[in-house]
Amino acid sequence: MNPLCSRCDKIVYPTEKVNCLDKYWHKGCFSCEVCKMTLNMKNYKGFDKKPYCSQHYPKTSFTIVADTPENLRLKQQSKMQSHVQYKEEFERNKGKGFSAVADTPELQRVKKMQDQISNIKYHEEFDKNRIGGEGSPTDAYGNQALCPGSQPPARSLSHNYDPQPAHSAAAPLPSSGGKRYRAVYDYAAADEDEISFADGDLIVDVQQIDEGWMFGRVERTGQQGMLPANYVEAI
């Protein structure tokens with residue numbers, strides 16, 4: 001049995017039948033609901049199971065939702081939930097994006113250079129403050145007094161002394177009659193031309209290099225080299 005046309009309610013025969021939008025139409029009846037322009041399967045637009053041309057296709061409009069107390073509560077709840085999820089994600093991924101840096105010889109060299117530069121800057125600031133009247137007090141022999149935990153004075157390169165690496169002799173060398181000092185603190189050599197000594201060691205053959213540094217020999221070990229003046233006292 002042949003169906004009826006959705007437009008004119010007349011019988012649609014197979015030779016003129018158009019099956020679209022779940023309905024049957026005559027080819028001439030398949031037209032725009034507004035302007036009645038004849039349509040085909042390529043240029044029609046369906047809305048609410050009715051054909052329209054592109055010019056008269058109904059435009060969908062948006063409705064404004066009022067900020068009711070319930071909507072505001074849902075909005076705040078959604079924002080809090082997003083914040084909680086973000087924090088959980090952050091805590092879960094924290095530390096995953098960082099990789100350990102290998103302590104290569106090059107990095108060790110750069111680190112040592114940075115430490116030396118920092119030490120030089122520290123001593124420059126210390127010397128400036130000392131010249132400005134804010135320096136540490138000196139002892140009875142004119143040497144800078146040392147507070148527990150403080151650093152030895154920065155070494156000045158303005159003198160003509162050519163430092164040599166500290167060395168130890170097979171047996172202690174006899175004193176040549178130079179000045180004698182006694183160590184009042186332990187000191188560990190920081191450079192190859194310095195000497196290490198312990199509290200109470202005798203330092204002999206002492207020569208004053210500049211205001212903060214001396215050259216001498218540790219009587220106990222026989223090592224000779226540079227030493228900070230504020231770690232010893234004259235005897």
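Begin by selecting residues 157-161, where pLDDT (the predictor's confidence in each residue, from 0 to 100) stays under 50. For this stretch the model has five contacts (heavy atoms within 4.5 Å) beyond four places in sequence. Select residues 166-176 next: pLDDT again stays under 50, and the model has 23 contacts beyond four places in sequence for them.

This is a predicted model, in which local features need pLDDT of at least 70 and side-chain atom pairs count only at pLDDT 80 or more, while totals for chains, interfaces and linings use all residues. Residues are numbered from 1 along each chain as its sequence is written, and side-chain values use heavy atoms, with hydrogens and water left out.

Now colour the whole protein by confidence. Its mean pLDDT is 78, with 74% of the residues reaching 70 or more. Helices (H or I, at least four residues) and strands (E, at least two) are DSSP runs, numbered from the N terminus. Among these elements, helix 2 (residues 105-134) has the lowest mean pLDDT, 76, and strand 7 has the highest, 94.

Proceed to the sheet that contains strand 7. It is an open sheet of five strands in the order 8-7-6-5-9, with antiparallel pairing; two strands pair if DSSP finds at least two bridges between them. At the edges, pairing on one side only, are strand 8 (224-228) and strand 9 (232-234). Neighbouring strands are turned by 45° against each other on average, direction ignored; the axes are lines fitted to C-alpha atoms, and angles run from 0 to 180 degrees between N-to-C directions.

Within the sheet, select strand 6 (residues 202-208) together with strand 7 (residues 213-218): four bridges join them in the antiparallel sense. Ile203 can be found opposite Val218 of strand 7.

Next, display the side chains of Tyr185 and Tyr231. Their rings form an edge-to-face aromatic pair, 5.9 Å centre to centre and with 75° between the planes. Rings of Phe, Tyr and Trp (its six-membered ring) pair if their centres lie within 6.5 Å; planes under 30 degrees apart count as stacked, over 60 as edge-to-face and the rest as tilted. Tyr185 lies in the loop between strand 5 (179-183) and strand 6, and Tyr231 in the loop between strand 8 and strand 9, so the pair ties together parts 46 residues apart in sequence.

Tyr185 is partly exposed, with a relative accessible area of 29%, whereas Tyr231 is buried at 8%. Buried means under 20% relative accessible area, exposed over 50%, and partly exposed in between (1.4 Å probe, protein chains only). Add Tyr187 and Phe197 to the selection to show the one aromatic cluster that they form with Tyr185 and Tyr231.
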